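Thanks for asking me to look this one over. My notes are below as numbered points, so you can follow them with the viewer open.

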Amino acid sequence: MLNILWVLMIAGGILFASFHGTMGKLTEVFISSSTEAVNLCIFMLGVIGVWNGMMEIAVKSGLMKRVSKAMYPFIHWLFPDIPPQHKANEYIAANMAANILGLGWAATPAGLKAMKELKKLENTYEASDMMCAFLVLNISSLQLIPINMIAYRSQYGSVNPTAVVLPAILATMISTLAGILFIKGMEFIRYNGRNKKKRRRLQ
């Protein structure tokens, strides 16, 4: 669907330019935009490379295991069915730490590994309740330091690239709180539903 939308927008832009006689400007925009995209990718490659490397060092050195232990009470509160020493805890902690630092791209590998481990726990082909809860938490993604956004603003010549820090913290705190409330609300509903089924069986 996304590819179809892109094709429609590009085709619409070309048709609009052809009817208004601005094809020359459109060609200039295509060339300048492609050059700008390459420059941005090169710039972000360095930023992401550094932080991905730091996250990998943290995993290899055992730092993420310590972070996982420190975060375990919170992770266990959100995902009570995950065993204490399970690998999913470490990957969830790594994903949350990367998101807090605003490193969405660095959070993705840890998130995928966490999903695989959660799938092994449930041993099902369908998305489990824990997988859905983790997805909600990951999408809400609390960010204390939106590094990617700061890098984008710096690349495009912002006078104050860090001006987005406070708005980002407030916005992601609200989204994360909403995600947590949704997760615990669904957990409460499932718990009551299971109790009702047990009562019916006993009756």
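1. Let me start with Glu117, which is buried at a relative accessible area of 11%. Please keep in mind throughout that this is a predicted model. The side chain of Glu117 is paired with that of Lys120 in a salt bridge, with 3.5 Å from N to O. Its partner sits on the other side of the scale: Lys120 counts as exposed, at 59% relative accessibility. So this salt bridge joins a buried residue, Glu117, to an exposed one, Lys120.

2. How far apart are Lys120 and Glu117 in helix α5? They are 3 residues apart, or about one helical turn, within a helix that covers residues 104–122. The general background helps here: an α-helix has 3.6 residues a turn, so residues three or four places apart point the same way.

3. The model has 2 salt bridges by the rule used. Besides the pair in point 1, there is one between Glu187 and Lys184, whose closest N and O atoms are 3.0 Å apart. Both residues belong to helix α8, residues 165–202, and they too are 3 residues apart, about one turn of the helix. Glu187 is partly exposed, with a relative accessible area of 24%. That value lies above the 20% cut-off for buried, whereas the 11% of Glu117 lies below it.

4. On the charged surface, you will find a patch of positive charge formed by Lys65, Arg66, Lys69 and Lys87. Which helix gives the largest share of the positive patch? That is helix α3 (residues 63–78), with 3 residues. Lys65 is in helix α3.

5. The nonpolar surface patch deserves a look as well. It has an area of about 1,100 Å² and is made by Leu2, Ile4, Leu5, Trp6, Leu8, Met9, Ile10, Ile14, Met23, Phe30 and Ile31. Helices α1 (2–20) and α2 (23–60) each supply at least two of its residues, and α1 gives the most, with 8 residues. Ile14 lies in α1 and is partly exposed, at a relative accessible area of 34%. Residues need over 30% to join a patch, so Ile14 passes that cut-off.

6. Staying with α1, His20 is also part of this helix. His20 is exposed, with a relative accessible area of 52%. If you would like a long-range distance to check, the C-alpha atoms of His20 and Thr162 are separated by 40 Å, and these two residues are 142 residues apart along the chain.

7. Is helix α4 mostly covered or mostly open? It is mostly covered, with 11 of its 14 residues buried. Among the buried residues are Ala88, Asn89, Glu90, Ile92 and Asn95. The helix spans residues 87–100 and reaches 20 Å from its first C-alpha to its last, close to the 20 Å expected at 1.5 Å a residue. Just after α4, Gly102 takes a positive phi of about 80°.

8. Within α4, Ala88 is a useful reference residue. Ala88 is buried, with a relative accessible area of 0%. Its C-alpha atom is 28 Å from that of Ala168, which is 80 residues away along the chain.

9. Helix α6 can be read in a similar way. It covers residues 129–140, has 12 residues and reaches 17 Å from first to last C-alpha, close to the 16 Å expected at 1.5 Å a residue. The buried residues in α6 are Met130, Met131, Ala133, Phe134, Leu137 and Ser140. Just after the helix, Ser141 has a positive phi of about 40°.

10. One last residue in α6 is Leu135. Leu135 counts as partly exposed, at 43% relative accessibility, whereas Phe134 is buried. The C-alpha atoms of Leu135 and Gly111 are separated by 8.6 Å, with their positions 24 residues apart along the chain.

How values were computed
Residues are numbered from 1 along each chain as its sequence is written. This is a predicted model: local features need pLDDT of at least 70, side-chain atom pairs count only at pLDDT 80 or more; totals for chains, interfaces and linings use all residues. Side-chain values use heavy atoms; hydrogens and water are left out. A salt bridge is a side-chain nitrogen of Lys or Arg within 4 Å of a carboxyl oxygen of Asp or Glu. Helices (H or I, at least four residues) and strands (E, at least two) are DSSP runs, numbered from the N terminus. Buried means under 20% relative accessible area, exposed over 50%, partly exposed in between (1.4 Å probe, protein chains only). Patches are made of residues with over 30% relative accessible area and no salt bridge: like charges are joined within 9 Å, nonpolar side chains (Val, Leu, Ile, Met, Phe, Trp, Tyr) within 5 Å. Accessible areas come from the Shrake-Rupley method with a 1.4 Å probe; for residues, only the protein chains shown count as cover. Lys and Arg count as positive and Asp and Glu as negative; His and the chain ends are not counted. The place of a charge is taken as NZ of Lys, CZ of Arg, CG of Asp or CD of Glu. The expected span of a helix is 1.5 Å times one less than its number of residues.
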